[in-house]
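Thanks for making time this morning. I would like to walk you through one model, going from its inside to its surface and then to a single residue.

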Amino acid sequence: MTGPSARPAPLPARLHHPRRTLVMGVVNVTPDSFSDGGRWFTPGAAVAHGLALLDQGADLLDVGGESTRPGARRVAVDDELARVLPVIEELVDRGATVSVDTTRAVVARAAVGRGAAIINDVSGGLADDAMYGVVAETGVVYVAMHWRGHADVMDEQDDYDDVVADVRRELAARVAALRAAGVRDEQVVLDPGLGFAKSGASNWPLLARLPELVADGFPVLVGASRKRFLGHLLAGPDGEPAPPLARDRATAAVTALAAAAGAWCVRVHEVAGSADAVRVAAAWQGAHQQVTGTGEPSGDEDELAVDEDARTGGSTR
C-alpha cells in the first residue's frame, strides 16, 4: 500500500507542518463513556471542556456523541445529532479545529455543515455504506480506523494470524474502497484501532511495529488513551486493572513512543501530559538527526533552540 505525504491536506495551514506529532483532545458528549462517565454530557460542559483542552495544548478536538466502549449499545441517530452538533458549532466559532467521532454518514455530513474539518470513523466506513460518499463530496479529512464490528461484538473478533500484517491488509482494503469512491489520498488518515477487536496483547505488536504502518505513506492516528490494555499492564498486586483515570501517565508514555515512531497525531483524554510528550519526542528526534546528520530537526524550532545561557557561558542558576 502506498500513499501521500505524511500530512493530510484539507486542514488549516497551522496544522500542515507542525514539525511534531499533533495532539487531539477527546470531548465525549455521552452519558456512558468508559473514560469520564458523562462528565461533559451537556453542551455547555462539553464546550467548556473542549476549550480547556485547547488551553492545555490540544491542536484538535474530537467530539463524539456515541460511546464505543466494549459492550456499548448504539444510540438513536437523532440523539447523536442533538449531542454533537451544538458543541461542534460552538467550538468552531471559538476557533477550534474539530473532528466528529461518528460511524454514521448523516451525522458526518451534518457535522461538516457545522464546521467540522475531520470525520473520525472508528468503523473505517464499514458501518455505513454512505460514509465514503460524504467524504468524497465534502473533501474533508477522513480517519479510517481498523474495525471488525460494533462495540457489543468486537471482543469476539480478536483473532489474528499476525496482527500487524492483518491490520495493514485490512486497512489497505479500506484505502482501495475509499479511492474507488472518489476520495483523494491526501484526505486519508489511518488508525490501527487499538482496543477495537484487540482486547489485550494484540495491541502491543501494533505499537512496537508502528513504523511499518507509518511506512505505508498515510498519516497515522494513534488512540491508546486510557485503553483497557493499559489498565491490565498497570494492574495492582490483586490483579485488578488500573481504572481509566489512573492510566494517563502510561498514555503519555505511549504518546512519546508513538511520536518517536512517526505518528501524525495522538488522540487523548488528558492533554497536558501528551502535549509535553510530543515535544520531548520532537526534541529527541531533532537532536538525533543533528548528531547523525540524517536530516533537518523534526521538532518546533523554538523547542529545539540551544540554551542561550549555555551558548553564552552564562549561568542558569
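The largest nonpolar core, meaning a set of buried Ala, Val, Leu, Ile, Met, Phe, Trp, Tyr and Cys residues joined through side-chain atoms within 4.5 Å, has 66 residues, and those touching the most other members are Val63, Ile88, Leu91, Ile119, Tyr142 and Val222. Buried here is under 20% relative accessible area, exposed is over 50%, and partly exposed lies in between, with a 1.4 Å probe and protein chains only. Leaving aside residues up to four places away in sequence, Leu91 is in contact with Val47, Gly50, Leu51, Leu61, Val63, Ala96 and Val98, where contact means heavy atoms within 4.5 Å. Another core, of 13 residues, lies apart from this one and includes Leu15, Leu60, Ala117 and Val189.

I should say that this is a predicted model, in which local features need pLDDT of at least 70 and side-chain atom pairs count only at pLDDT 80 or more, while totals for chains, interfaces and linings use all residues. Residues are numbered from 1 along each chain as its sequence is written, and side-chain values use heavy atoms, with hydrogens and water left out.

Turning to Trp204, this residue is partly exposed, at a relative accessible area of 34%.

Is Asp101, by contrast, buried or exposed? Asp101 counts as buried because its relative accessibility is 9%. Its side chain joins that of Arg267 through a polar contact of 3.2 Å, that is, a pair of N or O atoms within 3.5 Å, where within protein one must be able to donate a hydrogen and the other to accept it, and residues adjacent in sequence count only if both atoms are side-chain atoms.
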